[in-house]
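Thanks, everyone. I will keep this brief and go through the cavities and then one sheet.

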Amino acid sequence: MKNRVTGCVSVLALALAVTLPVSAQDTADNSETEASNRRLTTVTVTAQRTEETLQNAAIPVNAATGDELLQAGATDVTLLNKVAPSLSVTNGGGANTAFFVRGVGNFTNNGYTAPAIAFNIDGVYIGRPSSTLSSFLDLNRVEVLKGPQGTLYGRNSTGGAINIIPNTPELGETSGSLSVAAGNYSSYELTGVANIAVGENSAVRLAGSVSGRDGYYDDGTGDAEDLALRAQFFTVINEDLDVRIAADYSTQGGVGSGVNVEGVYTFAPFQGNLPVPNWPFIPSGLDAFTGLHDPTAQQFVTQNATAAPLFSPLDNFAYPSRDDTYWGVSAEINYDLGWADLVIIPAYRHSELDNQFNGPPFRAAINQDEAEQTSIEARLSGSVSAIDYILGAYYFDESVEGVNSFNQFSTVTYNDFQSDVESTAFFARATYNVTDEFRLVGGIRYTDEQRAYDTRAISAAAVCLIEPPPGVVPSCAHVPTLPTGLTAADSLSQLDPALFTGPPLPVLLDQIENNPSGVPAFTPYGPFGMFGPQAILAFTPTVIDRSASDEEVTYRVAAEYDVTPDNLLYASYETGFRAGGFNQSFGFEEYDPEYIDAFTIGSKNRFFDETLELNAELFFWEYEDQQLAALGLDARGDNSFYTRNVGSSSIQGLELDFQYAAAANTLIRGMVQVLDASYDEFSYTQVDLSDDTDPPNFLTPVTGCDFTQLGVDGDPATPREFAVDCSGQSALNAPDLTLTAGIQQIWELENFELIGNLDARYRSERQIGFSYVPGSQADAVTTADLSLTLLRRFIRLAPAMSPERTMSHRVPSVSASVSTSNILLRQEGLFMR
């Protein structure tokens, strides 16, 4: 991939903003524009479970308001790197969304893996952040916390946390807005918001959005077909008690993400001077965004690629599809006890996923999962003398049931599983105000996690029986690869019965479904050759029914010092952990917890009467027993996707960001992050699929890491396998250098404002693939975005409000299309493959 500079100018789209009067007429024509000044705006955050300004939050955090996100074109979570450059978000196919912060993360969040970045919507932790569509509807702000959040957020936050906060109902106001946007790729978006006053002490807020676009790729993949709805009710029961109830519903359909074919690695033993020994790379020469299902891409793959152990041509990739539904309800209860404030947040969420998608190794991956979670969090906060405190308790219960299939042509894994997790935590945080300027902070959290896993996985493998000459790759070109199906019965029913000369199909299916764990069922497969069938089919069941638990104490200590009211220094040390779990892979059934320690020194500053903001952060993280999920071979040599503990890593660097109000309506901003993230220890073993007649280092792993073949000394007790060592390699999704720069200009017009934003981002090359082959490294990339937003001011007089409480609002009148995000998604889609 070449280094690219991508520019995009957003086109203006038709929009309508309306105010719905109750007892007073709008006075927009008579409104007066307040005089602008050069001071920077103030963003309020709740990242530390208390309301404070972003500049007063003594933690590494980026935040942006909903208006800022819209103007930046960040309309979903995959584009959050525009406001938090340390964050990388990619889609791994279907509903799988991967989050990384400075090399800490996980490639997938399926039903039996756990994320490393805690994702929270409206104060509720989301165990399976596979969809974030409804969370970006009518948004107030987004907060991205960097580094472990072991005390206030707890489980699965070793890399950080993302907080999505929607707008909430406003008392005494009835208003609404409707916007329509259109852009390239036939993209469209219709969004409506209504805030309705219900008496003096209650309000309802409704928001909805429907959007879609054609595919980014020539084969039609990379499209969208989305719906999101949210309803909230807020009431003040008395001066001490208020309650807010929220419900959301969203669907995501269409085709889903696409795959571009860069080339293939083909097996050619004993070829020297190759970046990947025995595996030369054949580039496809296809244009970017051609797509896997384009006829030219299909022809290239079929002519150049085969899959072991059948070694038949790869063809008939299944076309992807997506049909996902998500909904949830939650409440926030705030009670002023007089001596302390009590917050209770109960929540329930449900999701149903039905996805079919491709990846570089997949004819098709099929996920049909159903997940539900229940959680409740209670926090008590107050002050005693010079100590401010937070005491809390948290309970989380999640159950996921799924039927999955992962087809890699010669091999297929069929899974039927149920995963249950129950997590309980108690936490406390105290801030000791030594003086008005100097504070000491301490926090601690105890987590007890119980989990159970029950699965029956069937590994199907078609093995070529044609014996080639020594050192030559076998070939069963006339034996069909395994069809796409959710179950073994689905796949076998699509094959010609004449291909099977063993037991009748009903008998074979009975053996497949009822064989004990580890006992394979065999059948001859394929057309007969001179000496019998050309291949054999083997179905090996793996049954896992296990339970386990982890408990851990994590903590944080910090010091904060206000040099002046506008200059803050802080230093902290925080620990985090992610619990262990289970896999559907023989020999790798369980993995251990991971641990992280983080040291941070930071400074937040505003100078020159709050016209210049300059923040700095030095960080050093140490990782132990790091979990990484990736495709590999299990102990039987079957293909599998599993999580393993690969070792330790060190992550260190510097981040600087600034804002400068150069004039009353001119803002200049930028950021630089220098990152050194590498694996101190990163090793694993892989089964050797060659047999005793093959020479040493014959069927070697496809990896850019060092490897050593074991078990070739003739000792039958030592299995043949490869020890792979990736120590010293850079961490995944961790570019050495990230730069951003931008300028905002506001033009005052009568009753309107025209806001222009020009932003550019640069990320140096980074490793994005577990195998570390040359093709898994993304080259440096630069993106540039230009957007124009037209706002009209309204003044609303709400009922039962005095003139002194008249509120001035800026309501979008003309919105910009999301073509900026289209370009970025296209780039990200290419890089992740």
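I will start with what surrounds the largest cavity: its lining has 11 nonpolar, 7 polar and 7 charged residues. Keep in mind that this is a predicted model.

Which residues of that lining are the closest to the centre? Out of 25 lining residues, they are Ala114, Arg128, Val421, Gly580 and Tyr591.

Now the strands around this cavity. Four of them give the lining at least two residues each: β25, residues 387-407; β26, residues 411-433; β27, residues 438-464; and β31, residues 581-582. Which one supplies the largest share? That is β27, with 4 residues.

As for volume, the largest cavity comes to about 220 Å³. How many cavities are there if we count those of 30 Å³ or more? The count is 18.

That is it for cavities. On to the sheet.

Here we have an open sheet of 3 strands, ordered β7-β8-β9, with antiparallel pairing. Which strands are at the edges? They are β7, residues 87-91, and β9, residues 104-106, and each of these pairs on one side only. From one strand to the next, the twist averages 15°.

Looking at one pairing in detail, β7 meets β8, which covers residues 97-101, in the antiparallel sense, and the two are joined over 5 bridges. If you want a residue to find on screen, take Leu87: the residue opposite is Val101 in β8.

To recap, the two items were a largest cavity of about 220 Å³ and an open antiparallel sheet of 3 strands. I can take questions now.

Notes: Residues numbered from 1 in each chain as written. Predicted model: local features only at pLDDT ≥ 70, side-chain atom pairs only at ≥ 80, totals over all residues. Heavy atoms only, no water. 1 Å grid on protein atoms, 1.4 Å probe; cavity = no way out; pocket = protein on both sides within 12 Å on 5 of 7 lines; lining within 4 Å. Points joined across faces, edges and corners; volume = space filled by probe spheres on them. Nonpolar A, V, L, I, M, F, W, Y, C, P; charged D, E, K, R; others polar. Pairing = 2+ DSSP bridges. Axes fitted to C-alpha atoms, helices over the stretch in contact; angles between N-to-C directions.
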